[in-house]
Each structure stands twice: as structure tokens, then as C-alpha cells.
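Please open the model in your viewer and keep the sequence panel beside it, so that each selection can be followed in both places. The tour below moves from one selection to the next and says what is there.

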Amino acid sequence: MIRRRALLSWFALAAAAPAVAAPLRGPVAVPGGLALLLVESPGCPFCAAFRREVLPGYAARAEGRAAVLVPVPLDGPWPDGLALAQAPYATPTFILLRDRVEIGRFQGYESPDWFWRELGALLAAAG
């Protein structure tokens, strides 16, 4: 017999999977100015949590308007012309770019408050 908690967990994972898998198709373009790469992978529960908890309101916040969010799959394809300090190896990794050149990054996702605090610190350091 399936326990209620296991069943609810399964439904939560099933609901999150399409939201993570859908944007991971084909090469993406990175605009000039400030952009935030979201490096993610299919099945990453932290990526799914970010998409569920932060992404719907990302563009409505000042930080989201300052840096356009660009999802990129960990395994590629990657946009041409990026200058990164190093290749990301974990997901999610958030890489702040200015004119396609990395100016800062942070890894992981703990909560919406944590994400906004980390992004705010990167944006403040970027000027």
C-alpha cells in the first residue's frame, strides 16, 4: 500500500519535471548588458524548487528587471561568445554576466529569501 506522504511526493516531483525539462531545449541567446544564467539540469529538485518559488515573480522585482534570466542546460548547448571563469559543475548555478562576461556566481538554492539576498549582493558588487 502506498503511503500518503510517498504519493504526495511523487505528485510533486511529477508536476515539477515538465517545468524543468521544457526550457532545456536548443541553444539560447544571451542579451548584452546584465544577464543571469540559470544553469540547470533535468530532474534537479533544487532547480524545480527555484522555478516554482522564484521564477514566476522574477521579472516583477527590481533585481529581475536588472538582470534578464537565461536558462541554460548544464550539458549544453551553451550560447556562443560567453567568457566564464570556469565551467559550472553543479545545478543550479547562477552566473551574473555583463556583456556576456562573468562578473560573479553562486551555486545552489535554499529558499527565495536566500536567492534574493545572493543575487542582491552580486548586483551590488557589479555596480
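Leaving aside its neighbours within four places in sequence, which residues is leucine 122 in contact with? Before selecting anything, bear in mind that this is a predicted model. Now select leucine 122, which is found in helix H4, residues 112-126, and show what surrounds this side chain: with those sequence neighbours set aside, leucine 122 is in contact with Leu96, Gly104, Arg105 and Phe106. Leucine 122 is buried, at a relative accessible area of 15%. If you draw a distance between C-alpha atoms, leucine 122 and arginine 105 are separated by 7.5 Å, although they stand 17 residues apart along the chain.

**The hairpin of E3 and E4**

From arginine 105, go on to the two strands E3 (93-98) and E4 (101-107), which run antiparallel and are joined by six bridges. Select isoleucine 95 and look across to E4, where arginine 105 stands opposite. Arginine 105 also has a partner for its side chain, since selecting glutamate 102 shows a salt bridge between the two, with 2.8 Å from N to O. Glutamate 102 counts as buried, at 16% relative accessibility.

Next, select the turn of this hairpin, which has two residues between the strands. Aspartate 99, in the loop between E3 and E4, has a phi near 50°, a positive value in a residue other than glycine. Arginine 100 has its place in the loop between E3 and E4 as well, and here too phi is positive, at about 70°, although the residue is not a glycine. How buried or exposed are these two residues? Aspartate 99 is partly exposed, with a relative accessible area of 49%, and arginine 100 is partly exposed with a value of 22%.

**The loop before E3**

Move back along the chain to the loop between strand E2 (68-73) and strand E3 (93-98), where proline 77 has its place. Display the backbone here, and you will find that the peptide bond from glycine 76 to proline 77 is cis, with omega near 5°. Proline 92 also lies in the loop between E2 and E3, and the peptide bond that leads from threonine 91 to proline 92 is cis, with omega near -10°.

**Charged pairs**

How many salt bridges does a search of the whole structure find? The search finds three, one of which you have already visited at arginine 105 and glutamate 102. For another, select glutamate 40 and arginine 51, whose side chains meet at 2.8 Å, N to O. Because glutamate 40 lies in strand E1 (residues 34-40) and arginine 51 in helix H2 (residues 45-53), this pair ties together parts that are eleven residues apart in sequence. Both ends of the bridge are buried: glutamate 40 has a relative accessible area of 0%, and arginine 51 has a relative accessibility of 11%.

Then select arginine 61 and glutamate 63, whose side chains form a salt bridge of 3.3 Å, N to O. Arginine 61 counts as partly exposed at 34% relative accessibility, whereas glutamate 63 counts as buried at 19%. Keep arginine 61 selected and add tryptophan 116, because the next stop follows from this residue: the charged end of arginine 61 sits over the ring of tryptophan 116, 4.1 Å from its centre.

**The aromatic rings**

Starting from tryptophan 116, extend the selection to Phe50, Tyr58, Phe94, Phe106, Tyr109, Trp114 and Phe115, which together with Trp116 form one aromatic cluster. The count of aromatic pairs comes to ten. Among the members of this cluster is Phe106, which you met earlier as one of the contacts of leucine 122.

**Two cysteines to finish**

For the last stop, select cysteine 44 and cysteine 47. Buried or exposed, how do these side chains count? Cysteine 44 is buried, with a relative accessible area of 8%, and cysteine 47 counts as buried at 1% relative accessibility. A disulfide is a covalent bond between the sulfur atoms of two cysteines. A search of the whole structure finds zero disulfides.

Note on methods:
Residues numbered from 1 in each chain as written. Predicted model: local features only at pLDDT ≥ 70, side-chain atom pairs only at ≥ 80, totals over all residues. Heavy atoms only, no water. Disulfide = S-S within 2.5 Å. Buried < 20%, exposed > 50% of the residue type's maximum accessible area, 1.4 Å probe, protein only. Salt bridge = Lys/Arg side-chain N within 4 Å of Asp/Glu carboxyl O. Helix = DSSP H or I, 4+ residues; strand = E, 2+ residues; numbered from the N terminus. Contact = heavy atoms within 4.5 Å. Phe/Tyr/Trp six-rings, centres within 6.5 Å; stacked < 30°, edge-to-face > 60°. Lys NZ or Arg CZ within 6 Å of the ring centre and 35° of its normal. Pairing = 2+ DSSP bridges.
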